[in-house]
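User: I have a new model open and would like to learn how to read a few of its features. Could you walk me through them?

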Amino acid sequence: MTTTLEAQLLDKLQVMDDTKDNAQQPANQEETALTLCESNIKAPSPPPTVSVAKTSAPEPEFYNKAQKYWSEVPATVNGMLGGLGYISAIDIQGSNVFLREIRVPGNKLALDCGAGIGRVTRNLLIPRFSCVDLVEQDAAFAEKAREYCGTEDVGPGKVGQIYNVGLQKFAPSQQYDLIWSQWVLGHLTDRDLVAFFRRIKQGLAPGAFFCLKENVSSSKQAILDKEDSSVTRPLDSYERFIKEAGFRIVRKVKQQNFPKGLFPVYMIACKPVSKV
């Protein structure tokens, strides 16, 4: 599944009061461990059964459940952010600073992966690039993105292709100056994530960047969310998979000024490893 992962900011990452849980012996150890870790509370490491590598759901079910979850989410900015629409400006500001720091060399064509209704496309990428392509699995979101990013104040011709497909199946057919992926990679299995990174590498123009922006777990475990069928990985897992796919990390920055109680959010800029 590769619809935007933004609603985790409410569904998974909101602070929860664990006082009662800590005062009692849990009846279900796995579910209690998930609650502690997902609420970003300093807690003992969860048992291995909540690791993404140990999830019992078959791969097709993992994707199908996520697709069903997102089909019921409103196609609005507030829906994409799980009711926390007010953080959008802070998010975009942090991403803008990050892109200025890495100095993307080209400004012709960008790609937004897991675009949802095009919040990032409209506010971050369209002001910087002549044209932006989008990848979004949910048909309703993709249709809304065309409308949301094609208003008169944006300007004509800014939105290019909208690929209505999951990232686990997407392969770029053009060369992009920037490929941006935000709050979506938790909907990919480890194997599909590495494969996606490798395919994305083939869609980068010379000197171009691939950037990801994701929630990361505070523990060393990947945390499974059964409701939206996604995982929140540790930062070092992303770093390992990025390098395994043939990228080098150019810059890594933590998003600042988000509300307390959310998982840490990191931006990582990558370039393909040069062939000697």
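Analyst: Happy to: we will take a helix, the cysteines and a loop residue in turn. Keep in mind that this is a predicted model.

User: Let's start with the helix. Which residues of helix H10 are buried?

Analyst: First, the general idea: an α-helix has 3.6 residues a turn, so residues three or four places apart point the same way. Now the case here: helix H10 spans residues 235–244, and its buried residues are Leu235, Ser237, Tyr238, Glu239, Phe241 and Ile242.

User: What covers the buried residues of H10?

Analyst: The cover includes helix H9 (190–201) along with three strands, S5 (204–215), S8 (247–254) and S9 (265–272). Just after H10 you will also find Gly246, with a positive phi of about 95 degrees.

User: On to the cysteines. How many disulfides are there in the whole structure?

Analyst: In general, a disulfide is a covalent bond between the sulfur atoms of two cysteines. Searching the whole structure turns up zero disulfides.

User: Why does Cys211 have no bond to its closest cysteine sulfur?

Analyst: Because that closest sulfur, in Cys270, is 7.1 Å away from the sulfur of Cys211, which is too far for a bond. Cys211 is also buried, at 0% relative accessibility. Cys149 is buried as well, with a relative accessible area of 1%.

User: Finally, the loop. Where is Val165?

Analyst: Look in the loop between strand S3 (159–163) and strand S4 (176–182). Val165 is partly exposed there, with a relative accessible area of 24%. Sequence separation and distance in space are worth reading together: Val165 and Gln137 are 28 residues apart in sequence, while their C-alpha atoms are 4.4 Å apart.

Terms used. Residues are numbered from 1 along each chain as its sequence is written. This is a predicted model: local features need pLDDT of at least 70, side-chain atom pairs count only at pLDDT 80 or more; totals for chains, interfaces and linings use all residues. Side-chain values use heavy atoms; hydrogens and water are left out. Buried means under 20% relative accessible area, exposed over 50%, partly exposed in between (1.4 Å probe, protein chains only). Helices (H or I, at least four residues) and strands (E, at least two) are DSSP runs, numbered from the N terminus. Contact means heavy atoms within 4.5 Å. A disulfide is a pair of cysteine sulfur atoms within 2.5 Å.
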